Amino acid sequence: MLSNVARQARSRLVASRPLAVRTIACSAPRRADPWPLPHTPEHLEKTRTPTDVPPPKPLERTGESVEKMRARLVYQSRKRGTLESDLLLSTFARDNLATMTEDEMREYDKLLDEPDWDIYYWATGKRTPPERWQESPLLKKLAVHAKNEGKVVRRMPSL
């Protein structure tokens, strides 16, 4: 049994507790997406390479055998930095590198020196390639590969 003093103390304690407040959840304010999806106008604009930038200068690889070059190009096609470019270029390399001549592989090596999104958008036809790649049979082959008219489900080839 509680005494009167204990009851009064208890009632004061209960009365001093804050009532449970129910908060209403709301979404955070919408901000612009810092990573727009490929093929959107925002992405096309954000990934545009400035026209005043000279083409990349390729590394000199003296004494590299054809087989070593082919192995390096397979690896460089797979490890680009963007999933879209990785998938496009690695499947292209898997399907075409084995039959390429040494000159074609050197041209492909120069193409791989270009920025990822430029290669991707040139191959998909969303951007016009610069003059140095306009008449390239290799880029035309890559564009046909990118169209995937056979609707083949593409997966990353194993290294």
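## The overall picture

Take the contacts in the protein chain between residues at least 6 apart in sequence: 63% of them join residues at least 24 apart. Keep in mind that this is a predicted model. The protein chain has eight helices and zero strands, so reading along the sequence gives the pattern α-α-α-α-α-α-α-α.

The protein chain has 159 residues, and 30% of them count as buried. About 12,000 Å² of the protein chain is exposed, with carbon and sulfur atoms supplying 56% of that area.

## The nonpolar core

Now for the inside. The largest nonpolar core holds 23 residues, and the ones that touch the most other members are Leu-73, Leu-97, Met-100, Tyr-108, Leu-111 and Leu-142. Five elements give two or more residues to this core: α3 (66–78), α4 (83–96), α5 (102–112), α6 (116–124) and α8 (137–147). Of these, α6 provides the largest share, six residues.

Which residues is Tyr-108 in contact with, once its neighbours within four places in sequence are left aside? They are Leu-73, Ser-77, Leu-89, Phe-92, Ala-93, Leu-97, Met-100 and Leu-138. Among these partners, Leu-73, Leu-97 and Met-100 also appear in the group of core residues that touch the most other members.

## Helix α6, wrapped up by the rest

Helix α6 deserves a closer look. Eight of its nine residues are buried, so α6 is largely enclosed by the rest of the structure. The buried ones are Asp-116, Trp-117, Asp-118, Ile-119, Tyr-120, Tyr-121, Trp-122 and Ala-123. What covers them includes α2 (41–46), α4, α5, α7 (131–134) and α8. Just after α6 comes Gly-125, which takes a positive phi of about 80°.

## How α8 packs against α6 and α4

Two packed helices are described by the angle between their axes and the distance between the axes. For α6 and α8, the axes come within 7 Å and cross at roughly 75°. That angle makes α6 roughly perpendicular to α8. On the α6 side, Ile-119, Trp-122, Ala-123 and Thr-124 meet Leu-139, Leu-142, Ala-143 and Ala-146 of α8.

Helix α8 also pairs with α4. How do these two sit, roughly parallel or roughly perpendicular? Their axes come within 10 Å and cross at roughly 110°, and α4 and α8 are therefore roughly perpendicular to each other. Here Leu-88, Leu-89, Thr-91, Phe-92, Asp-95 and Asn-96 from α4 meet Leu-138, Lys-141, Leu-142, His-145 and Ala-146 from α8. Leu-142 and Ala-146 are among the α8 residues that meet α6, and both are also among those that meet α4.

## Ser-85, a buried serine

Ser-85 lies in helix α4. Is it buried or exposed? Its relative accessibility is 2%, so Ser-85 counts as buried, the cut-off being under 20%.

The side chain of Ser-85 reaches the backbone oxygen of Asp-116 at 3.4 Å. Asp-116 is itself one of the buried residues of α6. Leaving aside neighbours within four places in sequence, Ser-85 is in contact with Ser-77, Arg-80, Ser-90, Asp-116 and Tyr-120. Tyr-120, like Asp-116, is on the list of buried α6 residues.

## Arg-78 and a partner far along the chain

Arg-78 is found in helix α3. With a relative accessible area of 19%, Arg-78 counts as buried, because the cut-off is under 20%. Arg-78 and Ser-158 are 80 residues apart in sequence, yet their C-alpha atoms are 9.2 Å apart in space.

## Positive phi values after α8

Most residues other than glycine have a negative phi, and most peptide bonds are trans. Two residues in the segment after α8 have a positive phi instead, so they are worth finding in the model.

One of them is Asn-148, in the segment after α8. Its phi is near 50°, and Asn-148 is buried, with a relative accessible area of 16%. The other is Lys-151, also placed in the segment after α8. Lys-151 has a positive phi of about 55° although it is not a glycine. At 66% relative accessibility, Lys-151 counts as exposed, whereas Asn-148 is buried.

Note on methods
Residues numbered from 1 in each chain as written. Predicted model: local features only at pLDDT ≥ 70, side-chain atom pairs only at ≥ 80, totals over all residues. Heavy atoms only, no water. Core = buried A, V, L, I, M, F, W, Y, C linked by side-chain atoms within 4.5 Å. Buried < 20%, exposed > 50% of the residue type's maximum accessible area, 1.4 Å probe, protein only. Helix = DSSP H or I, 4+ residues; strand = E, 2+ residues; numbered from the N terminus. Contact = heavy atoms within 4.5 Å. Areas by Shrake-Rupley, 256 points an atom, 1.4 Å probe, with all protein chains shown as cover. Polar contact = N/O pair within 3.5 Å; in protein donor to acceptor, adjacent residues only side chain to side chain. Axes fitted to C-alpha atoms, helices over the stretch in contact; angles between N-to-C directions. Parallel < 35°, antiparallel > 145°, perpendicular 65-115°, else oblique.
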